[in-house]
There are 2 protein chains.
Amino acid sequence: MSLLIVGTVAFDKIETPLGKTDKILGGAGTYIGVAASYFTDIINIVSVVGDDFPDKYHKILQDHNINTNGIQVVKGGKTFFWEGKYHTDMNSRDTLVTELNVLAGFDPVVPDNYQNCEFLMLGNLEPNIQRKVLNQLKKRPKLVVLDTMNFWMDIAWEALLETISMVDLLTINDEEARQMSGEYSLVKAARKILTLGPKYLIIKKGEHGALLFDKAENCFFAPALPLEEVFDPTGAGDTFAGGFIGYLAKTKDLSFENMKRAIIYGSALASLTVEKFGTDKIAYLKSNALNERVERFKALVEVDIKQIEKF
Amino acid sequence: MSLLIVGTVAFDKIETPLGKTDKILGGAGTYIGVAASYFTDIINIVSVVGDDFPDKYHKILQDHNINTNGIQVVKGGKTFFWEGKYHTDMNSRDTLVTELNVLAGFDPVVPDNYQNCEFLMLGNLEPNIQRKVLNQLKKRPKLVVLDTMNFWMDIAWEALLETISMVDLLTINDEEARQMSGEYSLVKAARKILTLGPKYLIIKKGEHGALLFDKAENCFFAPALPLEEVFDPTGAGDTFAGGFIGYLAKTKDLSFENMKRAIIYGSALASLTVEKFGTDKIAYLKSNALNERVERFKALVEVDIKQIEKF
């Protein structure tokens, strides 16, 4: 089934305790698209770049069957650029440079041949822009997933609430769930956030895994794989989201049970992403590498429990 | 099979964002013993209290089939007392008062009828005291589990290393594993720590679950249950350890597979402990409460994954 992605396609420059890069391919839309491509064939993306965005990067997206017609190329414009430096714990980072460039004036246009998409992934962007894409679709997709961040809670709360009210599933991290709900307990936070519109909530906890909640108070937890070395956490959350929605688009099954599987596939891909800089590890992945990783996720929590007798 | 516990039996005074207590029953040995009592019948404890320690608290231990002959009662002495206040996140706390009292001169003596124990749980104490107990046993137990903390790494490193070298399984939290190994990655930390003597390592991550490692690089992860409300985290780690070793003592199976089950039972008990102050929730638990909790742990991570086809 067809998947439409809205998200940044960008340049990143990254420094971690283990090394640093020049300007490399980055952006939420990139990670989402590459990750989803391992599951679903028809991927369309709406984004914007400058004419400094090189052909080789366009080609990486096209190599993953991502239709790039919907990427506006602004003549004389410069592509969105982010530079950051991670601390030793890899959980915190300093943003050194953010140049919005062409993203500043981004007015998303959904091409006609992108209509009738059945899955929509709204990658982290200003909430009004996210909503603009949803409003351009003549037919509502079967599943609309929204990713956002604390930045928009701080400066565009009302717009964010309006966008959230229109989606099926929201993904945010644990700190953002606490900020959004005013509740420390993630169980209580989820319950409150699920009154805002979405039927499902995924709370991403980084190296501590991810939680899926629905309105019926079902709860699923996917661990993160304990890794020998995290090389570069950039894009892990977007890879997760891309793997998640890509798996759902492939399997066409929106049950809670299948969302659990989708979370494991998303987590497996994210655990691969962080083992190299940028998209290096996931750009050209072999299926056995992904399957082997999924097996490790299964084995990590597998336990055969018998009931103890009464005491 | 018989279990010997060495650990503090104490008074705690606790304040959390949700309430506060007077002096109540606390101590690592208490939580370990009460938790283990749900699995194994023969529990002996070596500890020390003052004659201010009330009969009703002795009785709580005895109600759990804990043989208290090995608890020295120091005449005119005062029982170890800890007072602490938890912050909103319940993950950090301030110690307001620590009165070692009779613990300061504690010289553990293993009574004759405690010999031949098959399982030994060395609760968090000064490492030389922990080792003194092990050295008094004429026959080495089948399994020796050691709990410790960063405090002893800071002030008694050499003594701690010597004690660690003699045990089968070490339990510490994630920050302590990082401090002990000098490695940020818990996989690397575990590998280093397992060269110090123990065959198994459990890394406790509090609200983020627990990891079990062995020397063959097997790894198991048990989640923590997302809770509506954490009322008082005191004793969660000791409850976990007590449930873990109690389950092993009951089932007499030291395989990695069975340790995984033991971790789930320990985690289930710990998730109950934190729902009330002190030992209130776990002191008089019904078996169906524990079984229901174990079922929730199983359901939390259960997922039926089929391999995706090759791409």
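Colleague: Which elements do the buried residues of α6(B) pack against?

Modeller: In this predicted model, they pack against α4 (150–155), β12 (169–173), α7 (186–193) and β13 (200–204) of chain B. The buried residues themselves are Glu176(B), Ala177(B) and Met180(B), in a helix that covers residues 174–181.

Colleague: What makes these residues of α6(B) count as buried?

Modeller: A residue is called buried if 20 or more other C-beta atoms lie within 10 Å of its own. Glu176(B), Ala177(B) and Met180(B) are the residues of α6(B) that are buried.

Colleague: How do you know where on the helix α6(B) its buried residues lie?

Modeller: One looks down the axis of α6(B): the buried residues fall within an arc of 105°, so they line one face of the helix. Just after this helix, Gly182(B) has a positive phi of about 70°.

Colleague: Which residues are buried in helix α3 of chain B, and how are they arranged around its axis?

Modeller: In α3(B), residues 127–136, the buried residues are Pro127(B), Gln130(B), Arg131(B) and Val133(B). Their arc is 155° when seen down the axis, so these residues also line one face of their helix. Among the elements that cover them are β1 (3–6), β5 (43–50), β10 (119–122) and β11 (143–147) of chain B. The helices α4 and α5 (157–164) of chain B are also included in this cover.

Colleague: Let us turn to chain A. Why is strand β12(A) called mostly covered?

Modeller: The strand runs over residues 169–173, and 4 of its 5 residues are buried.

Colleague: What makes β12(A) a partner of β11(A) and of β13(A)?

Modeller: Two strands pair if there are at least two bridges between them. Strand β11(A), residues 143–147, is joined to β12(A) by 3 bridges, and the two run parallel. Strand β13(A), residues 200–204, is joined to β12(A) by 5 bridges, again in parallel. Both counts meet the cut-off, so both are pairs. Within them, Leu146(A) stands opposite Leu170(A), and Thr171(A) stands opposite Ile202(A).

Colleague: How do you know whether the radius of gyration of chain A agrees with that of a compact globule?

Modeller: For 311 residues, a compact globule would have a value near 19 Å; chain A has 19 Å, so the two agree. Along its principal axes, the C-alpha trace of chain A spans about 75 × 45 × 35 Å. This chain holds 10 helices and 15 strands, and 49% of its residues count as buried.

Colleague: What relation do chains A and B have to each other, and how do you know?

Modeller: A turn of 180° with a shift of 0.0 Å along the axis lays chain A on chain B, with an RMSD of 0.0 Å. That is the relation of a two-fold axis. In chain A, the C-alpha nearest this axis belongs to His208(A), at 3.0 Å.

Colleague: How do you know which surface each copy uses?

Modeller: In chain B, 100% of the contact residues of chain A recur; the same surface serves both copies.

Colleague: How many residues are in contact, and which element of chain A gives the largest share?

Modeller: Between the chains, 33 residues of chain A are in contact with 33 residues of chain B. Elements giving two or more residues to the side of chain A are α7 (186–193), β15 (219–222), α9 (256–273) and α10 (287–301) of chain A. The largest share, 6 residues, comes from α10(A). By kind, the residues of this side are 19 nonpolar, 6 polar and 8 charged.

How values were computed. Residues are numbered from 1 along each chain as its sequence is written. Chains are lettered from A and ligands numbered from 1 in the order in which they are written. This is a predicted model: local features need pLDDT of at least 70, side-chain atom pairs count only at pLDDT 80 or more; totals for chains, interfaces and linings use all residues. Two residues are in contact if their C-beta atoms, placed from the backbone, lie within 7 Å. Helices (H or I, at least four residues) and strands (E, at least two) are DSSP runs, numbered from the N terminus. Ala, Val, Leu, Ile, Met, Phe, Trp, Tyr, Cys and Pro count as nonpolar, Asp, Glu, Lys and Arg as charged, and the others, Gly among them, as polar. A residue is buried if 20 or more other C-beta atoms lie within 10 Å of its own, exposed if 12 or fewer, and partly exposed in between; C-beta atoms are placed from the backbone. The arc is that of the directions from the helix axis to the C-beta atoms. Copies are superposed by least squares on the C-alpha atoms of residues with pLDDT of at least 70 in both. The radius of gyration is taken over C-alpha atoms; the globule rule is 2.2 Å times the number of residues to the power 0.38.
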